[in-house]
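Q: I would like a close look at a single part of this model, and I am new to reading structures. Could you walk me through it step by step?

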Amino acid sequence: MNAAEIKLRAMASGYQVTQLLCAAMKLRLPDLIGDHPVPLDTLAHKTGCTDEVLYRLLRALSSHGIFVEKANKAFASTPLSELMSSGSDSRVAAEIESIADFMYAVWGQLPTSLRSSKTAFEHVFGATNWEYRAKHPEENAKFNRRMAGAASQKGRLLANSYAFPGDTVLVDVGGGSGALLREVLSQHAKVKGVVFDQPHVFQDDDSEWPRDLLERCTFKAGDFFESVPADGDFYILAGVLHDWDDHNARRILQTCRAAMKPRSRMLIVEFVVPSDNEPHFSKMMDLYMFLTNVGGRERTLPEWSALVGSVELDLEATMPLGAWSCLQVHAV
Ligand SMILES: C[S@@+](CC[C@H](N)C(=O)[O-])C[C@H]1O[C@@H](n2cnc3c(N)ncnc32)[C@H](O)[C@@H]1O
């Protein structure tokens with residue numbers, strides 16, 4: 001086999017490793033296997049598998065550095081399996097769970113959805129993802145928890161890199177359970193916040209907020225296609241516009257623009273797709289948006305500039321925010 005063939009085979013068999021990780025999570029193996037080697041029969045008893053088949057799974061996982069086989073068919077954790085345990089503060093375990101729950105099936109519909117007007121999500125679940133989540137509280141709660149992990153990270157980055165003046169009001173449009181604002185308010189003691197999202201997003205949230213932060217934050221439910229809370233100094237749209245096609249993204253931008261005061265700013269926190277041939281997270285996320293959201297897409301910088309420009313907004317600055325970018329926009 002030549003090098004190109006070896007590379008292509010490795011790419012084509014990626015689905016196998018994905019399923020190994022999903023199976024490990026479903027059986028809770030990263031929580032059952034710690035630093036000290038755990039005998040196979042103990043693991044078989046706890047997972048409800050036979051020794052024989054569980055050994056084959058663990059051997060395959062260990063060949064990829066997830067667990068290590070010790071003497072007498074006992075298995076111990078590795079740095080990779082520790083990241084998958086419920087005690088880890090990494091977001092990767094939640095991501096693998098989502099892959100097992102729905103992403104794997106949705107990506108399986110990529111060839112179909114390329115030639116269809118329906119998203120892959122609709123092909124698999126018979127409803128758009130927002131309709132489905134509104135009707136399935138458990139799935140919705142998991143989705144919101146996953147979003148909250150990403151939102152906290154964006155909030156920390158924004159709080160560290162953006163000099164919010166005191167006594168300003170930030171409106172987080174499509175702000176989920178408020179994880180982004182929570183981070184910003186905790187680092188900017190004079191800033192106030194409004195989290196705006198759909199009513200069922202707040203109903204499912206059970207996160208506890210420190211009292212002083214709650215006093216500076218309000219939660220308003222509504223539909224961002226109709227209107228958003230008025231008179232904010234900053235309108236944050238984090239990971240919202242990439243869910244929508246240009247037509248609907250424009251509608252959201254217009255309701256925000258209508259709510260803005262003359263000196264208000266909009267902060268759009270999204271990926272910017274680089275114009276090169278190199279791998280970039282945004283290029284896969286773009287396809288994931290296509291698969292899950294009607295019209296969902298990631299955008300290049302010229303596309304962002306044209307989108308905001310089409311609703312009389314101007315892109316005045318762009319700053320990197322981890323893997324994301326923060327696009328600062330003002331009304332013209
Ligand atoms: C991909 S999530 C982004 C959440 C969060 N801003 C973040 O950065 O992780 C998009 C959010 O838009 C909200 N959303 C969708 N349709 C909406 C609507 N019509 N009105 C208000 N919020 C909506 C969803 O409930 C969800 O919380």
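A: Let's begin with a term we will need: a residue is called exposed if 12 or fewer other C-beta atoms lie within 10 Å of its own, and buried if there are 20 or more. Keep in mind that this is a predicted model.

Now go to the loop between strand S6 (217-221) and strand S7 (234-238), where you will find Asp-231. Asp-231 is not a glycine, yet its phi is positive, near 70°. Is Asp-231 buried or exposed? It has 11 C-beta neighbours inside 10 Å, so Asp-231 counts as exposed.

Asn-72 makes a good companion to look at. Its phi is also positive, about 55°, and Asn-72 is not a glycine either. You can find Asn-72 in the loop between strand S2 (68-69) and strand S3 (74-76). With 8 other C-beta atoms within 10 Å, Asn-72 is exposed.

For buried residues, turn to helix H16 (residues 281-292). In H16, the buried ones are Ser-282, Leu-291 and Thr-292. They pack against helix H7 (92-107), helix H8 (110-113), helix H9 (120-125) and helix H10 (129-135). You can check the length of H16 too: at 1.5 Å a residue, its twelve residues should span 16 Å, and the end C-alpha atoms are 16 Å apart, so the two agree.

Finally, look at the ligand. Of the 19 residues around it, Ala-151, Gly-174, Phe-224, Ala-238 and Gly-239 come nearest. Helix H11 (residues 137-161) gives the most to this shell, with four residues. Sorted by class, the shell has ten nonpolar, five polar and four charged residues.

Technical notes. Residues are numbered from 1 along each chain as its sequence is written. This is a predicted model: local features need pLDDT of at least 70, side-chain atom pairs count only at pLDDT 80 or more; totals for chains, interfaces and linings use all residues. A residue is near a molecule or strand if its C-beta atom, placed from the backbone, lies within 6 Å of it. Helices (H or I, at least four residues) and strands (E, at least two) are DSSP runs, numbered from the N terminus. Ala, Val, Leu, Ile, Met, Phe, Trp, Tyr, Cys and Pro count as nonpolar, Asp, Glu, Lys and Arg as charged, and the others, Gly among them, as polar. The expected span of a helix is 1.5 Å times one less than its number of residues. Two residues are in contact if their C-beta atoms, placed from the backbone, lie within 7 Å.
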